[in-house]
Amino acid sequence: SRQAGSGAPRIVTPPEPQSVASGGTVSFTVVASGQPAPTYQWRRNGTPIDGATSPVLTLTNVTQIGSYDVVVTNAYGSVTSRAAGLTLASAPANDAFASALALTGNSVTSSAFPSAATAEVDEPAHAGAPAARSLWWSWMAPAGGVVVVQTAGSAVDTRLAVYTGSNVGALTLVAANDDALAHGASRVQFLATPGTTYFIAVDTNATAGAPLGSVRLGVDYAY
């Protein structure tokens with residue numbers, strides 16, 4: 001219940017629905033007003049969550065879906081936010097090295113969404129930072145020459161690395177870069193050997209749990 005008056009608690013910005021990969025981290029945020037300053041109690045499916053008493057609810061190692069709201073209270077009463085759903089996102093098809101998306105041709109582009117991507121055991125650091133939400137592609141060079149791989153046009157800040165090898169734990173680095181291009185995009189170039197298969201990893205510098213837009217990958221010869 002809530003009494004009328006300028007001091008009564010009010011939800012200014014309610015929590016928004018979220019989607020996260022299984023085992024990932026996600027946060028719900030509420031903005032509320034009231035005088036005296038209100039207190040907060042988050043709930044999952046209508047049941048109070050022990051210790052969840054701040055404007056931000058952070059969940060780690062998420063494995064279950066649910067509906068989350070928050071009760072905001074002060075001396076003038078209480079108000080409950082609208083419920084925000086939490087869903088589990090499916091990992092992208094090219095999340096794992098062994099499932100790298102095969103690209104063919106002299107000039108090719110591809111895209112994928114990294115929000116639910118994960119890192120693998122023994123996966124190398126990409127462009128100087130530990131693997132986090134990496135996506136994998138493979139490309140067999142149809143001819144020799146200088147090849148450019150880049151992530152221009154991606155909606156997220158990317159890190160890029162190119163490897164050879166057949167096992168994620170024993171790859172040989174060919175080239176790597178973090179943010180050579182504008183807007184957090186990355187670019188590498190290397191001398192390709194005809195018939196060699198190169199594995200391309202694109203990872204993100206985004207904050208853990210943040211919703212992400214698409215990654216765009218381009219492979220082309222530098223004619």
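**Exercise 1. Asn45 and His183**

Task: In this predicted model, determine in which loop Asn45 lies, and whether Asn45 is buried, partly exposed or exposed.

Solution. Begin with the secondary structure, where Asn45 falls in the loop between β5 and β6 (47-48). Turn next to the backbone, and note that Asn45 has a positive phi of about 50° although it is not a glycine. Finally, consider the relative accessible area, which for Asn45 is 48%; because the class of exposed residues begins over 50%, Asn45 counts as partly exposed.

Task: Carry out the analysis for His183, stating which loop holds His183 and what its phi is.

Solution. His183 is located in the loop between β16 (172-178) and β17 (187-192). Its phi is near 60°, which is a positive value in a residue other than glycine. With a relative accessibility of 77%, His183 counts as exposed.

**Exercise 2. The cis peptide bond and Tyr76**

Task: Identify which residues are joined by a cis peptide bond, and establish how many residues along the chain separate Pro36 from Tyr76.

Solution. The omega angle of about 10° marks the bond between Gln35 and Pro36 as a cis peptide bond. Pro36 itself is placed in the loop between β4 (31-33) and β5. Tyr76, in turn, belongs to the loop between β8 and β9, and at 37% relative accessibility Tyr76 counts as partly exposed. Pro36 and Tyr76 are 40 residues apart along the chain, while their C-alpha atoms are separated by 8.5 Å.

**Exercise 3. Salt bridges**

Task: State how many salt bridges the structure holds, and describe which parts of the chain are linked by the pair Glu16 and Arg82.

Solution. The structure holds three salt bridges. In one of them Glu16 pairs with Arg82, with the closest N and O atoms 3.1 Å apart. This pair links distant parts of the chain, since Glu16 sits in the loop between β1 (10-13) and β2 (18-21), whereas Arg82 sits in the loop between β9 (77-80) and β10 (84-89), 66 residues apart. Glu16 is partly exposed, its relative accessible area being 40%.

Task: Decide for Asp69 whether the residue is buried or exposed, and locate the strand that holds Arg43.

Solution. The side chains of Asp69 and Arg43 meet in a salt bridge with an N to O distance of 2.9 Å. Asp69 belongs to strand β8 (residues 66-74) and Arg43 to strand β5 (residues 39-44), so that distant parts of the chain, 26 residues apart, are linked. The relative accessible area of Asp69 is 10%, and Asp69 is therefore buried, while Arg43, at 23%, counts as partly exposed.

Task: Find the strands that hold Arg159 and Asp203.

Solution. Arg159 and Asp203 form a salt bridge through their side chains, at 3.5 Å from N to O. Arg159 is part of strand β15 (residues 158-164) and Asp203 is part of strand β18 (residues 197-204), and the two residues, 44 residues apart, link distant parts of the chain. Both residues of this pair, Arg159 and Asp203, are buried.

**Exercise 4. Surroundings of Tyr68 and Thr158**

Task: Describe where Tyr68 is found and which residues Tyr68 touches beyond four places in sequence.

Solution. Tyr68 is found in strand β8, and with a relative accessible area of 4% Tyr68 is buried. The residues that Tyr68 touches, not counting those up to four places away in sequence, include Phe28, Arg43, Leu57, Arg82 and Leu86. For Arg82, the separation from Tyr68 is 14 residues in sequence and 8.4 Å in space, C-alpha to C-alpha.

Task: Determine for Thr158 which strand holds the residue and what its relative accessible area is.

Solution. Thr158 lies in strand β15, and its relative accessible area of 0% makes Thr158 buried. Leaving aside neighbours within four places in sequence, Thr158 is in contact with residues including Thr151, Asp178, Asp203 and Val215.

**Exercise 5. The whole chain**

Task: Explain why the chain is described as more spread out than a compact globule.

Solution. The secondary structure comes to zero helices and 19 strands. The radius of gyration is 23 Å, well over the 17 Å that the globule rule gives for 223 residues, so the chain is more spread out than a compact globule. Along its principal axes the C-alpha trace spans about 75 × 30 × 25 Å. Of the 223 residues, 41% count as buried. Among contacts with a separation of 6 or more, 69% come from residues 24 or more positions apart.

Definitions and conventions: Residues are numbered from 1 along each chain as its sequence is written. This is a predicted model: local features need pLDDT of at least 70, side-chain atom pairs count only at pLDDT 80 or more; totals for chains, interfaces and linings use all residues. Side-chain values use heavy atoms; hydrogens and water are left out. A salt bridge is a side-chain nitrogen of Lys or Arg within 4 Å of a carboxyl oxygen of Asp or Glu. Helices (H or I, at least four residues) and strands (E, at least two) are DSSP runs, numbered from the N terminus. Buried means under 20% relative accessible area, exposed over 50%, partly exposed in between (1.4 Å probe, protein chains only). The radius of gyration is taken over C-alpha atoms; the globule rule is 2.2 Å times the number of residues to the power 0.38. Contact means heavy atoms within 4.5 Å.
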